[in-house]
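Visitor: Please walk me through this structure by question and answer.

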Amino acid sequence: MRILLLGYGKMGRSIESIALGRGHEIVGKIDMNNAGDLDSLDASKVDVAIEFSQPDAAFGNISKCLEKGIPVVSGTTGWLDKKPEIEKLCKKKGGAFFYASNFSIGVNIFFKVNAFLAKMMDAYPEYDVKVDEIHHTEKKDAPSGTAITLAEGVIDNMVRKQYWQNENVDKDEALSILSYREPDVPGTHTVTYHSEIDDIVIHHAAHTRKGFALGAVLVGEWLPAQKGVKTMDDFLKL
Ligand SMILES: NC(=O)C1=CN([C@@H]2O[C@H](COP(=O)(O)OP(=O)(O)OC[C@H]3O[C@@H](n4cnc5c(N)ncnc54)[C@H](O)[C@@H]3O)[C@@H](O)[C@H]2O)C=CC1
Ligand SMILES: O=C(O)C1=N[C@H](C(=O)O)C[C@H](O)C1
C-alpha cells in the first residue's frame with residue numbers, strides 16, 4: 001500500500017513505523033513546514049492518506065485529498081463541527097472517508113461496554129455519571145474526542161442525560177466531562193457511576209500510542225476498496 005502521511009508528529013511517526021513493518025511504502029509526509037506540497041501532489045502515486053494533524057489543519061487536508069480522489073483515514077480530533085461538510089464532499093466525489101475518535105481496538109470495545117452500561121443504569125437514578133480523561137500536556141483540544149464519543153454513548157442510552165459540558169456541573173440532565181493534562185500520558189478514559197452506597201467504574205488506559213497507530217494502518221489497508229463514509233462499526237463489526 002502506498003501511504004501518504006498527513007501530520008508527522010507523534011502519531012504520524014508511530015504510524016510510519018507500523019506501516020513500514022507491515023510492508024507498506026510511505027510516499028509522502030505532509031507536516032506544518034511543507035503543508036503547501038499537498039496542492040501539487042500527484043494523486044496517482046497514493047493509495048490512501050492517513051491524517052493525524054491538528055484541529056485547524058484537518059479540514060483543509062481532508063478536503064484536498066477527497067478533491068483529488070484519494071481515500072482518507074482521519075484521526076485528528078477537535079474539528080468535528082466541519083465533519084458534515086467533509087461527508088458531503090466525499091459523497092459528491094464518490095470517494096472514501098473514515099473518521100474515528102479512537103483507532104484502538106480496546107477503546108472500541110470499551111465504547112460498546114459504555115453504551116450497554118448506560119442503558120442499564122438509566123433505571124437507577126440514584127447513580128450519577130461522569131467521564132474523566134487524562135492526556136499528555138501537548139494535547140491541543142479538550143475534551144478529548146474519545147471522551148466526547150463516550151459522553152455521546154451515555155446520552156444516547158440514558159433518557160435523563162441530555163447534553164455534556166467540559167466542567168463539573170451539578171444538574172441532573174448534564175453530563176460532566178473532566179479533562180486533566182499530565183506529562184507523557186497517551187490517553188486514559190474513565191466512566192464513573194457514583195451513588196451514596198457505591199461506585200461502578202469502567203476504565204481504559206492506553207500504555208502506548210501503538211494501538212491507535214496499528215488501528216489506523218489496518219483501516220488504511222481496508223479503506224481503498226470501500227466507497228462512501230465509513231466508521232469503526234463498518235470496519236470492526238463488534
Ligand atoms: N483517533 C485516534 O485514535 C487518535 C487521535 N489523535 C489525534 O491526532 C492528532 C495528532 O496527534 P499527535 O500526533 O499526538 O499530535 P502532534 O502535535 O505530535 O502532531 C501533529 C502534527 O501535525 C502537524 N501539522 C500542523 N499543521 C499541519 C498541516 N496543515 N498539515 C499537515 N500537518 C500539520 C504538526 O506540525 C505536527 O507535527 C490530534 O488531533 C490527536 O488528538 C491522537 C492519537 C490517537
Ligand atoms: O491527542 C491524543 O494524544 C489523543 N487523542 C485522541 C482523543 O482526543 O480522544 C485519542 C487518544 O486518546 C489520544
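Guide: Helices (H or I, at least four residues) and strands (E, at least two) are taken here as DSSP runs, numbered from the N terminus. The model is a predicted one.

Visitor: Which helices each supply at least two residues of the shell around ligand 1?
Guide: The shell around ligand 1 holds 26 residues, and the closest are G9, M11, M32, A57 and G75. Two helices each give at least two residues to this shell: α1 (10–21) and α2.

Visitor: Which element gives the largest share of that shell around ligand 1?
Guide: α1 spans residues 10–21 and is among the contributors to the shell. With three residues, the largest share comes from α1.

Visitor: How many residues of the shell around ligand 1 are charged?
Guide: The shell around ligand 1 counts 26 residues. Of these, 11 are nonpolar and 12 are polar. The charged residues number three.

Visitor: Into which domains is the protein chain divided?
Guide: One domain is built from two segments, 2–103 and 210–236. The other covers 105–205. They are domain 1 and domain 2.

Visitor: In what order do the six strands of the parallel sheet run?
Guide: The sheet is open, and its pairing is parallel. Its edge strands, each paired on one side only, are β2 (25–30) and β11 (228–230). Neighbouring strands are turned by 20° against each other on average, direction ignored. The order is β2-β1-β3-β4-β5-β11.

Visitor: Which residue in β2 stands opposite L5?
Guide: β1 covers residues 2–6 and pairs with β2 in the parallel sense. Five bridges join the two strands. Opposite L5 stands K29.

Visitor: At what angle does α2 run to β4?
Guide: Helix α2 (residues 55–67) lies across β1, β3 (48–51), β4 (72–74) and β5 (96–99). Its angle to β4 is about 165°.

Visitor: Is α2 roughly parallel or roughly antiparallel to α3?
Guide: Helix α3 covers residues 83–93, and its axis lies 10 Å from that of α2. The two helices pack at an angle of about 5°. Angles under 35 degrees count as roughly parallel, so the pair is classed as roughly parallel.

Visitor: Which residues of α3 meet α2?
Guide: The α2 side offers F59, I62, S63, L66 and E67. By class, the contact of α2 with α3 has six nonpolar, one polar and two charged residues. On the α3 side are I86, L89, C90 and K93.

Visitor: How many nonpolar residues does the shell around ligand 2 have?
Guide: Around ligand 2 stand T77, S101, N102, H135, K139, S144, G145, T146 and G187. Domain 1 and domain 2 each provide at least three residues of the shell. By class, eight residues are polar and one is charged. The nonpolar count is zero: there are no nonpolar residues.

Visitor: Which elements give two or more residues to the side of domain 1 that touches domain 2?
Guide: The C-alpha centres of the two domains lie 27 Å apart. The contact takes 10 residues from domain 1 and 11 residues from domain 2. On the domain 1 side, three residues are nonpolar, seven are polar and none is charged. The elements are α6 (210–222) and α7 (232–236).

Visitor: Which strands form the edges of the five-stranded sheet?
Guide: This open sheet has mixed pairing, in the order β7-β8-β6-β9-β10. The twist averages 20° from one strand to the next. An edge strand here pairs on one side only, and the edges are β7 (163–165) and β10 (199–205).

Visitor: What is the bridge partner of V129 in β9?
Guide: β6 (residues 128–135) and β9 (residues 188–194) pair in the antiparallel sense. Seven bridges join them. The partner of V129 is Y193.

Visitor: How many residues lie between β9 and β10 in their hairpin?
Guide: β9 and β10 pair in the antiparallel sense over seven bridges. H189 is bridged to H204 in β10. The number of residues between the strands is four.

Visitor: At what angle does α5 run to β6?
Guide: Helix α5 (residues 145–155) lies across β6, β7, β8 (174–181) and β9. Its angle to β6 is about 170°.

Note on methods: Residues numbered from 1 in each chain as written. Chains lettered and ligands numbered in written order. Predicted model: local features only at pLDDT ≥ 70, side-chain atom pairs only at ≥ 80, totals over all residues. Pairing = 2+ DSSP bridges. Axes fitted to C-alpha atoms, helices over the stretch in contact; angles between N-to-C directions. Contact = placed C-beta atoms within 7 Å. Near = placed C-beta within 6 Å. Nonpolar A, V, L, I, M, F, W, Y, C, P; charged D, E, K, R; others polar. Parallel < 35°, antiparallel > 145°, perpendicular 65-115°, else oblique. Domains from an automatic or database assignment.
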